[in-house]
Amino acid sequence: MRRRTFLGMSSGLGIVATGLTTTPALAGGRRPDLTVAVDGSGDHTGIQAAIDAAPAGATEPFVIGVRPGTYLGQVVVPATKPFLELRGLGRRPDDVVIADDRANGTLKPDGTPWGTSGSASVTVSGADFRAVNLTFANLFDEAAHPEITNRQAVAVLTRADRLIFDRVRFLANQDTLYVNSSAAGVVARAYLRDCYVEGDVDFIFGRATAVFDRCRIHSLNRGSTPNGYVTAPSTDITNPYGLLFQRSRFTSDAPAGTVLLGRPWHPGNDPNAIGQTIIRESWIGAHIPDVAWSDFGAWPWEEARFFEHRNAGPGAIVSANRPQLTAEQAGEYTAAAFLRGGDDWAPERC
């Protein structure tokens, strides 16, 4: 399978490839409250140290400016630290890389495995978190560790509500982006704008309500059949809104017809996890076949909430195997509806 070079500006996954802009992050916005720099020229040299120094219980944004460089080590944004913003101060998202290196089956010092959630390079439990103009990665190398069979390696795990990712790259292989909530039945919303997400197996998954707006979703070539699955939603049956992709691009260097758009994940065989993935007004490459959805074990894809609407590209096939939204449904399943909630949250207007 293809392994990427995450670190440095010569990664081959920069702005031209991702479609992300080269405008400096939030030019004219509020100045950072503190800065992080690997060379010691900032207030801190590590991301976690800066988060630890941020105030608890904030009611307005606290901005941590991150100067260009690679920052290694696990990062946790606790529930006690709401309104944190990590802002990359480079010109491009690949100028700032925040990464760690562990998989589900990687052993902790006590000899037990980290598990999927524990593998996350970055875990966000603080509400109203924002990340701008940077890269999150999990550097776990599957080929270098054949002894590890549980290879889920999460770049970012989210558990909180009202999260914004703006011009952010998410890089890993299996289980790259885990959009979740604090508990089953609890709604947690995330808005991702102009982002790039890369992986292979179930690399966008979880029970959160997440809107991907003008993003690029790139499937790696595993050299297998199938080559992977883009989404694995586990949306709770009480939540009408799961994963929404709008005005996005689904790309891959895998052979034609070898990647599936998704399969329904039922954690612990939970019958109430009726996953939802909706893809609308997006471009879909030839790597997606006519039968674009897959069963997950004993759970058939037909019982999930998988729909498309007005997509284009060689992989945007309209057939009995590709359920489409009706005009009435399309009017209901919008970014505004997904994100609004009871507090009229509308980050897509900003």
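Asp202 counts as buried, with a relative accessibility of 6%, which is under the 20% cut-off. This is a predicted model, so treat what follows as a look at computed geometry. Besides Asp202, a few backbone spots are worth a look: a cis peptide bond from Thr225 to Pro226, and positive phi values at Phe83 and Arg162.

**Asp202 and its surroundings**
- An unreviewed UniProt entry puts the feature "active site" at Asp202.
- Asp202 sits in strand S14, which covers residues 201-206.
- Leaving aside residues up to four places away in sequence, Asp202 touches Asp175, Arg263 and Phe296, along with Tyr229, Val230, Thr231 and Ala232.

**The cis peptide bond**
- Going from Thr225 to Pro226, the peptide bond is cis, and its omega is near -5°.
- Pro226 belongs to the loop that links strand S16 (216-219) and strand S17 (228-233).

**Positive phi outside glycine**
- Phe83 isn't a glycine, yet its phi is positive, near 60°.
- You'll find Phe83 in the loop between strand S4 (75-77) and strand S5 (84-88).
- Phe83 has a relative accessible area of 24%, so it counts as partly exposed.
- Arg162 isn't a glycine either, and its phi is positive at about 60°.
- The loop holding Arg162 runs between strand S9 (156-158) and strand S10 (163-171).
- Arg162 comes out as partly exposed because its relative accessibility is 23%, which falls between the 20% and 50% cut-offs.

Definitions and conventions. Residues numbered from 1 in each chain as written. Predicted model: local features only at pLDDT ≥ 70, side-chain atom pairs only at ≥ 80, totals over all residues. Heavy atoms only, no water. UniProt positions renumbered as here; feature names shortened; annotations may be inferred. Helix = DSSP H or I, 4+ residues; strand = E, 2+ residues; numbered from the N terminus. Buried < 20%, exposed > 50% of the residue type's maximum accessible area, 1.4 Å probe, protein only. Contact = heavy atoms within 4.5 Å.
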